[in-house]
Each structure stands twice: as structure tokens, then as C-alpha cells.
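Reader: I would like a close look at one part of this protein. Please keep it brisk and take me through it step by step.

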Amino acid sequence: MENQKLKDVEGVWQLIRQETKKRMVAEPVLASFFHSTILEHNSFSSAIADQLSNDLSNTSVQPMMIRKIIREAFNSSKDILEATVSDLNAVKDRDPSCKYFSEPLLFFKGFKALQSHRVASWLWSEERHTLAHFIQSRASEVYGIDIHPAAEIGKGVMIDHGSGVVIGETAVVEDNVSIFQGVTLGGTGKETGDRHPKVREGALLSASSTILGNVEIGKNAKVAAGSVVLADVREHTTVAGIPAKEVGEANTDMPAYDVDHSINN
Ligand SMILES: CC(C)(COP(=O)(O)OP(=O)(O)OC[C@H]1O[C@@H](n2cnc3c(N)ncnc32)[C@H](O)[C@@H]1OP(=O)(O)O)[C@@H](O)C(=O)NCCC(=O)NCCS
């Protein structure tokens, strides 16, 4: 299955460099772009720190300062970089429009927002809440995807397109989940404390689905596009509609991997 195709950090980095050299020949107008974003870096973590820091900086917080924080996060725990590479593999594996490993890193805002969240989440765990909120807020402004730094997100997660995705403070998203544009993992407004959804491994949250409250989306479940989910969803089940009702079995092992995610399909 997919795992056979998965690349580790160094494997991904070498592939990205090889691809980039070929693409630079094919598209010379982007030569200096490819140099500054990929080829002049000596590691994957340096390239991603550079990408995110350029995106997340503003007039009062320079890219150099943000790069330092991102490197601190990567150096503090190898889990962060491994999760990043796992997310990159997830996008390459599941999104048929993604032809190169470098594309999510350079162009896909869902991927970049998720990696910004990984940095904000690390800051949150270090009790640096204000800086974590700064990263959250800049990522929300730049990518249009708002993830609270305290939300727990596993690895191998794909946020595709991503515009308008909102993930609340006490939400949990386990490994290998796929999330499309416009998904909300929010509170009902009637609960306090632990008030956001828990999305179990391998689930698919389709475009513009709204999942409210401390409800559980079971392992390998599918939530159809445009649904409003207000109650638990059993594992391996498809739900659709407002309010969402069971409409069938999610008859595959891992729905997050199954949908053809390309916009053309
Ligand atoms: C849910 C989904 C993944 C299909 O899952 P599935 O388990 O294969 O479900 P089926 O296609 O067998 O549909 C089961 C029933 O739900 C209905 N249904 C499917 N999606 C629905 C939706 N979004 N809203 C309402 N009803 C829906 C079907 O019409 C069918 O009803 P029927 O049994 O009366 O004919 C798919 O419909 C969907 O919503 N995909 C969106 C993926 C996405 O976000 N793409 C964005 C790419 S940019």
C-alpha cells in the first residue's frame, strides 16, 4: 500500500532537489526562484523554514526572526519534521494534481498552513502562547486557514485547497485524515471546555462540511460535502445532509486516500 512509496526526510529532500534542477531547465524564468527556495538550501528543514518565514513575516517581525523560531521548533523535536514529511507524502500520494514533491512546499497553502500550525503547536506546548497566536494569526491572514495552536493534529494529514478551513482549540485530528476546503471543526456555542470534534484516523472530511461540538468522527468515516454534523459518526460510515444522517457504509479501508481529490474530477 501507500507506505511502500513513502519517502523519509532525506529521500524527500534529494527528490525535491533533483526535480527542481529539471524544472529549472524547463522553466528558466523561475531559475532564481528555484535557487532561493530550494537549491541554495542544504536541508529540507532549511527550505521549509525559509518558505514559511517569508510568508509569515510582516513589517514588524522580519523573516529572520521567524526562521529562527521555526528552526528552534524543528531542532527541539524530530517528530515535527517527520510529521511534515509525512504530510508531504500524504499530499503527493492522495492529490492526483500534485506531480512533484516540491509543489506542496512551494505552492500548496493547505500544506503550508499545516506546517505553520506544527510550529505554533510547539510554541503552545512551550507555554509561548502569544508567539503561537502570532503564527496562527499570520497563517490565517496569509493562507486563509485558521487552526488554533492547541488543536492536536496527527501526521500524514492532507488539507487540500484549504481556503476557509477552521479548526478549534480542543479539536483532535488523528493520523491520515483528509480535509478539504471550507471544513469547520467548531463548537456549537453552547458548550465550554472540551467542545470541539475528535476526528479519528483515516477519515475524510469533504468540502464545506461543518462539524460542531465534541462529537466523534469514527475511524475511516466519510463526511459528505456540505454536511452539518451534530452527532457522533460511526466508523466506516458515510454521512450526508443537514443535519447529517447515515447514507451508507464507507466501504474502503481508508477513505482519506480514496477520493480523487483533483479539482478537475
Ligand atoms: C461522501 C462522498 C465522498 C461519497 O461517499 P460514498 O460513501 O461513496 O457515498 P455514495 O456516493 O454512495 O452516496 C450515498 C448517498 O449519499 C448521497 N450523497 C452523497 N454525497 C452527498 C452530499 N454531499 N450531500 C447530500 N447527499 C449526498 C448520495 O446521493 C447517495 O444517496 P442515495 O443512496 O439516495 O443515492 C461524496 O459524495 C462527496 O461528498 N465527495 C466530496 C469530496 C470533496 O470534498 N471533493 C472536493 C474536491 S475539490
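Which domains does the domain assignment give, and which residues does each span? From there, please look closely at the shell around the ligand and what surrounds it.

Author: This is a predicted model. The domain assignment gives two entries: domain 1 covers 1–145, and domain 2 covers 151–265. Their C-alpha centres lie 24 Å apart.

Now the ligand. The shell around the ligand counts 17 residues. Those that come nearest are Ser-206, Ala-207, Ala-224, Thr-238 and Val-247. By class, the shell has nine nonpolar residues, seven polar and one charged. Two strands stand out as sources. β14 (237–240) supplies at least two residues of the shell, and so does β15 (245–249).

Next, those two strands. β14 and β15 pair with each other in the antiparallel sense. Four bridges join them. One bridge can be named: Thr-237 has Glu-249, in β15, as its partner. The pair belongs to an open sheet of six strands. The order is β3-β6-β9-β12-β14-β15, and the pairing is mixed. β15 is an edge strand, pairing on one side only. The other edge strand is β3 (158–159).

Then the nonpolar core. The largest one has 71 residues. Within this core, Leu-205 and Val-223 have the most contacts. α7 gives the most to the core, with eight residues. Domain 1 and domain 2 both contribute residues, so the core lies between them.

Take Val-223 as an example. Neighbours within four places in sequence are left aside here. Val-223 is in contact with Leu-204, Leu-205, Ser-206 and Ser-209. Its contacts also include Ile-211, Ile-217, Val-229 and Val-233. Val-239 and Ala-244 complete the list. Two links to the earlier steps follow. Ser-206 touches Val-223 and is among the residues that come nearest to the ligand. Leu-205 touches Val-223, and these two share the top place for contacts inside the core.

Last, the side of domain 1 that touches domain 2. Here 20 residues of domain 1 are in contact with 19 residues of domain 2. On the domain 1 side, α5 (78–94) and α7 (109–125) each supply at least two residues. α5 provides the largest share, eight residues. By class, this side has eight nonpolar, six polar and six charged residues. α7 thus appears twice: it supplies residues to this side of domain 1, and it gives the most to the largest nonpolar core.

Terms used
Residues are numbered from 1 along each chain as its sequence is written. This is a predicted model: local features need pLDDT of at least 70, side-chain atom pairs count only at pLDDT 80 or more; totals for chains, interfaces and linings use all residues. Domain bounds come from an automatic or database domain assignment. Two residues are in contact if their C-beta atoms, placed from the backbone, lie within 7 Å. Ala, Val, Leu, Ile, Met, Phe, Trp, Tyr, Cys and Pro count as nonpolar, Asp, Glu, Lys and Arg as charged, and the others, Gly among them, as polar. A residue is near a molecule or strand if its C-beta atom, placed from the backbone, lies within 6 Å of it. Two strands pair if DSSP finds at least two bridges between them. A nonpolar core is a set of buried Ala, Val, Leu, Ile, Met, Phe, Trp, Tyr and Cys residues joined through C-beta atoms within 7 Å. A residue is buried if 20 or more other C-beta atoms lie within 10 Å of its own, exposed if 12 or fewer, and partly exposed in between; C-beta atoms are placed from the backbone.
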